[in-house]
Amino acid sequence: MRPVCLAIGGSDSSGGAGIQADLAAFADLGVKGCCAITALTAQSPLQVKRIEPSPLIQLEAEIDSILDYYDVAAVKTGMLYDAARVRLVAHMLEQRHGGRPLVVDPVMLATSGACLLDAAALDVLIRELLPQARLVTPNIPEAAALLGRPLDDAVGAAKALAGQLNTAVLLKGGHGKRGVLLDVLCETNGETALFTHERKAWDIEQGHGTGCSLAAAITAVLAQGKKLATAVAGAESWLQKKRRGLTSPQKRG
Ligand code: PLP
């Protein structure tokens, strides 16, 4: 029987990030995917044009429907949008998903610059959702926001953040400037694992939603009962293979 994973996050109309990326990763990695939508976004890989938050009562009913029916093995959260939605999700998971794997991708800004989590929500995320997480997967700017200071070296920052949050951290290095990209996994016992990839000449569409896909892939492998370091290693190599293909045609001129 396929394990069931639940993704809670925003819908991306261009299909590359958000819930659409999560469900694609779940399907690819052999788990049954369900979703609960925090907000609808009208976007292309270049620009977020409009965001319409889902009514809280709708979000609650979506999560409730899934948790009522399925024995959900693992949950992933992505774009949570504001404090009310973070609080609702944290409360429901605490009541109904306690002890099972939760991967929190602390989505704050789209690469295109749009704000996907308002400032007041950050504190609620840190206090109410992150203590429940098996893993948090910030990129460099998100890690700096969570730590409350700019990062110096990646390994030191991942260790500091894991200590501060008492949660395992996968610090994603895609926003760095070097030719070799470094992701650092730091577990709560201080063990670290490094994942390096040569930076590829990905176009904007190939890069769009990579963070969502990686966190969803980790969730899918955790749902299959694997250890965290194994799940992260598996998801890292899955993502590198996945993104090799050419992208779809765009309008010219
Ligand atoms: N839109 C939604 C709904 C997302 O969840 C995310 C990232 O998590 C993004 C857009 C941003 O994707 P990117 O920064 O890769 O463009």
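Helices and strands are here taken as DSSP runs, helices of at least four residues and strands of at least two, and they are numbered from the N terminus. In the predicted model described here, this numbering places Asn189 in the loop between β8 (180-186) and β9. Asn189 has a relative accessibility of 55%, and because residues over 50% are classed as exposed, Asn189 counts as exposed. Between the C-alpha atoms of Asn189 and Thr167 the distance is 9.5 Å, although 22 residues separate the two in sequence.

The strands on either side of this loop belong to a wider arrangement. In total, the protein contains nine helices and nine strands, and nine strands are assembled into an open sheet with mixed pairing, in which the order is β3-β2-β1-β4-β5-β6-β7-β8-β9. The edges of this sheet are formed by β3 (48-53) and β9 (192-198), each of which pairs on one side only.

Two of the pairings illustrate the mixed character of the sheet. Strand β2, which covers residues 32-43, runs antiparallel to β3 and is joined to it by five bridges; within this pairing, Ala39 has Pro53 of β3 as its bridge partner. The strands β2 and β3 also form a hairpin, with four residues lying between them. By contrast, strand β4 (residues 72-77) and strand β5 (residues 102-104) run parallel and are joined by three bridges, and here the bridge partner of Thr77 is Val104 in β5. In a regular strand, the side chains alternate between the two faces of the sheet.

The overall dimensions of the protein were examined next. The radius of gyration is 17 Å, which agrees with the value near 18 Å that a compact globule of 253 residues would have. Along the principal axes, the C-alpha trace of the protein spans about 50 × 45 × 40 Å. Of the 253 residues, 49% are buried, that is, they have under 20% relative accessible area. Among contacts between residues at least 6 apart in sequence, 69% join residues that are at least 24 apart.

The surface and the charges complete the description. The protein exposes about 12,000 Å², of which carbon and sulfur atoms supply 54%. There are 26 positive and 25 negative side chains in the protein, and a distance of 6 Å lies between the centres of the two sets.

Notes
Residues numbered from 1 in each chain as written. Predicted model: local features only at pLDDT ≥ 70, side-chain atom pairs only at ≥ 80, totals over all residues. Heavy atoms only, no water. Rg over C-alpha atoms; globule rule 2.2 N^0.38 Å. Buried < 20%, exposed > 50% of the residue type's maximum accessible area, 1.4 Å probe, protein only. Contact = heavy atoms within 4.5 Å. Areas by Shrake-Rupley, 256 points an atom, 1.4 Å probe, with all protein chains shown as cover. Lys, Arg positive; Asp, Glu negative; His and termini not counted. Charge placed at Lys NZ, Arg CZ, Asp CG, Glu CD. Pairing = 2+ DSSP bridges.
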